[in-house]
Amino acid sequence: MDPRRFTQIDATTWRIEPTGAMRVPAVIYADEDLIRGMDDKVGVQACNVATLPGIVTASYAMPDAHWGYGFPIGGVAAFDPDGGGIVSAGGVGFDISCGVRTMLTDLAVADIEPVQSRLADALFREIPAGVGSRGAITLDTVEMDRMLTGGARWAVENGWGESRDLERIEEGGAVPGARPDCVSERAKGRQRHEMGTLGSGNHYLEVQAVAEIVDRDAARAFGLAQDQVVVTIHCGSRGLGHQIGTEYLAGMPVAAAAAGIALPDRELACAPINSDIGQRYLGAMRAASNCALANREILGHYARRILRDFFPEVAVDLLFDVSHNTCKAETHTVDGEPREVYVHRKGATRAFGPGHPSLPDALRAAGQPVLIGGSMGTGSYILAGLASSEEKAFGSACHGAGRALSRHAALRQWSGRGIVDELAARGILVCSPSARGVAEEAPGAYKDVGAVVLAAERAGLARRVARLRPLICIKG
DNA sequence: ATGTGC
């Protein structure tokens, strides 16, 4: 995008004042290079979101923003239910409650090196990955509904996880207000065999090493040390969330028209929060969130089990599990008053600062861990939420590197085999059922994650704590 | 993202 279409507020804040149907400004947090690298559609979409009924304060885009279905990926917008506010399936995304968890081990890089190849083989063999992958768990109708209301708590009760994990998961492992009755039989049917599976696209399970400590005090509070081995899982609600997104997306244009909402783009289809379909979507979306929380808990359990085959005494403690595709009712300061608003975060991570009451005691002083997935070769970051993020973007930050090239362009430029060989030469073992998927996810197809997190830090969204480098990547 | 799509 041409930076000149914005008013530059400071080095990392760019603003478009309301014009036409916009009810609030659009604000993008990024440095000038990142702005230049963004598609024009990011600005257009952020402005489109600013026209939606009940939006408060501003429509925001994070430093990793790129264009998505209706709302930008990397978009944050909050709506007031008492001011005609809306909920939008396109504002959450197809992969409902897609997110990241990082688990800390007491192993060092030197412990992994002798077993790296065998460990990669074991993880690849035992963790189902790829399009349509099936797991070892099958749910009947009763267990399906229990999973959809119980989330990670349900997983723990069934032996796939540990109860001490729960306080390290957003919402304590189970999102309240889930309504399995608002989830279609088709969506449930697609999920029957998919619990404990990774899926495809940019989803992965990685064994990583702490490559750099940026903030010593926060790293200590999080339990991170140089050369420590951690396991990070990125995945979501699989077929169930996708089916729910598809079905409600189809129903929302009618609901928007019935509510007299004029849309600048059909893809922004939405419904009033205080409407039947709005409430049904929220109930189904929360059920899908619980599916994603349960899925990540099960995958974490598998990772623990496999690590213990190699290191019987290994400790594997959950640092945090956080989603980056959600709509949540939260209390934020709006026009100087605390108000409950529905915050859509689509490709944006919740980033609550120090002292936030929702954080567990052990993390309250340091702030929420903000888990940023990079690309296969470049590594990832752990950030900490900042109090300033509350007034900048309703307590949100970026979620990843963001694509620089389309999947199609990546396929033209790289082969899966070539990427696997290139990364192996750098000590990174990649295992995937799909060579095409690996080519699509080539490190060069992504922006520089370091530039993205630096911009997030400069903008006051979150601060860098540690950088991680991959050792083993199981790719969907 | 997705029992991937013309």
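## The second largest pocket

Let's start with the second largest pocket in this predicted model. Its lining is made of 15 residues. Nearest to the centre of this pocket you'll find Glu 330, Arg 350, Phe 352, His 356 and Ser 358. The volume of the second largest pocket comes out at about 210 Å³.

Who supplies that lining? Strand β12, which covers residues 325-334, gives the largest share, with four residues. As for chemistry, the lining of the second largest pocket splits into six charged, five nonpolar and four polar residues.

## The largest pocket

Now for the largest pocket, which has a volume of about 1400 Å³. A total of 50 residues line the largest pocket, and the ones closest to its centre are Ile 73, Asp 95, Gly 201, Asn 202 and Arg 407. Two elements each give two or more residues to this lining: β4 (55-66) and α8 (238-258). Of these, α8 gives the most, with three residues.

What kinds of residues line the largest pocket? Polar ones number 23, nonpolar ones 16 and charged ones 11.

## Around DNA strand B

The model also has a DNA strand, B, with 15 protein residues around it. Coming nearest to DNA strand B are Val 131, Arg 190, Ser 200, Gly 201 and Asn 202. If you look at the atoms of DNA strand B that come within 4 Å of the protein, sugar and phosphate account for 53% of them. You may recognise two names here: Gly 201 and Asn 202 are also among the residues closest to the centre of the largest pocket.

The surface near DNA strand B divides into seven polar, six charged and two nonpolar residues.

## Side chains reaching the DNA backbone

Which side chains have an N or O atom by the backbone of DNA strand B? Ser 200 is one of them, with such an atom 2.7 Å from a phosphate oxygen. Glu 194 also has a polar side-chain atom by a phosphate oxygen of DNA strand B, at 3.4 Å. With His 242, the partner is a sugar or linking oxygen of DNA strand B, and an N or O atom of the His 242 side chain lies 3.4 Å from it.

Zooming out to whole elements, α6 (185-191) and α8 are the ones that give two or more residues to the surface near DNA strand B. Helix α8 makes up the largest share of that surface, three residues. That's a familiar element by now, since α8 also gives three residues to the lining of the largest pocket.

How values were computed
Residues numbered from 1 in each chain as written. Chains lettered and ligands numbered in written order. Predicted model: local features only at pLDDT ≥ 70, side-chain atom pairs only at ≥ 80, totals over all residues. Heavy atoms only, no water. 1 Å grid on protein atoms, 1.4 Å probe; cavity = no way out; pocket = protein on both sides within 12 Å on 5 of 7 lines; lining within 4 Å. Points joined across faces, edges and corners; volume = space filled by probe spheres on them. Nonpolar A, V, L, I, M, F, W, Y, C, P; charged D, E, K, R; others polar. Near = heavy atom within 4 Å. Polar contact = N/O pair within 3.5 Å; in protein donor to acceptor, adjacent residues only side chain to side chain.
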